[in-house]
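Trainee: I'm new to this structure and would love a close look at a single part of it. Could you walk me through one piece slowly?

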Amino acid sequence: MNLREVFSFNLQAQRRALGLSQEALAHEAGVDRAYMSAIERSVNSATLDMVEKIAKVLDIEPSVLLTRPRRQRRKRGLS
């Protein structure tokens with residue numbers, strides 16, 4: 001997963017956890033909903049300024065949006 005995909009994955013997870021629509025998040029961040037959708041689909045990359053704006057709306061540190069999710073480890077001996 002590249003960093004753009006990591007950001008998109010984390011953004012969607014955080015937004016959904018708060019029960020926000022893309023439209024509501026975009027409005028609060030001061031951007032168009034289509035642009036927010038493109039970020040969530042990894043079509044567009046977010047600038048550092050946008051990462052900061054989105055994190056502020058979500059009330060989280062920007063680093064949360066850029067942290068790679070931990071992979072679930074398979075138990076040894078199980079296929």
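Which residues are exposed on the other side of H4?

Mentor: Happy to. Please keep in mind that this is a predicted model. On that other side of H4, the exposed residues are Asp 49, Glu 52 and Lys 56.

Now turn to the buried residues of H4, which are Met 50, Val 51, Ile 54, Ala 55 and Leu 58. Looking down the axis of H4, you would find these buried residues within an arc of 135°, so they line one face of the helix. A general rule helps here: an α-helix has 3.6 residues a turn, so residues three or four places apart point the same way.

What lies over that face? The cover for the buried residues of H4 includes helix H1 (3–17), helix H2 (22–29), helix H3 (33–40) and H5.

This leads us to the core. The largest nonpolar core has 15 residues, and among those with the most contacts inside it are Ile 54 and Leu 58, along with Phe 7, Leu 11 and Leu 65. H1, H2, H3 and H4 each supply at least two residues of this core. The largest share, five residues, comes from H4. As a general tendency, nonpolar side chains in soluble globular proteins are buried together.

Phe 7 is a good residue to click on next. Leaving aside residues up to four places away in sequence, Phe 7 touches Val 51 and Ile 54, and also Ile 39, Ala 46, Leu 65 and Leu 66.

Let's follow the chain out of H4. The helix is followed by Asp 59, which has a positive phi, near 60°. Then look at Ile 60, in the loop between helix H4 (48–58) and helix H5 (62–66). Is Ile 60 buried or exposed? Ile 60 has a relative accessible area of 19%, and because buried means under 20%, this loop residue counts as buried. With residues up to four places away in sequence not counted, Ile 60 touches Gln 14, Ala 55 and Leu 65. Ala 55 is one of the buried residues of H4 that you met above. As for Gln 14, this residue is 46 residues from Ile 60 along the chain, yet their C-alpha atoms are separated by 8.9 Å.

For a contrast, find Leu 3, whose place is in helix H1. Leu 3 is partly exposed, with a relative accessible area of 46%. Again not counting residues up to four places away in sequence, Leu 3 touches Leu 66 and Arg 68.

Conventions: Residues are numbered from 1 along each chain as its sequence is written. This is a predicted model: local features need pLDDT of at least 70, side-chain atom pairs count only at pLDDT 80 or more; totals for chains, interfaces and linings use all residues. Side-chain values use heavy atoms; hydrogens and water are left out. Helices (H or I, at least four residues) and strands (E, at least two) are DSSP runs, numbered from the N terminus. Buried means under 20% relative accessible area, exposed over 50%, partly exposed in between (1.4 Å probe, protein chains only). Contact means heavy atoms within 4.5 Å. The arc is that of the directions from the helix axis to the C-beta atoms. A nonpolar core is a set of buried Ala, Val, Leu, Ile, Met, Phe, Trp, Tyr and Cys residues joined through side-chain atoms within 4.5 Å.
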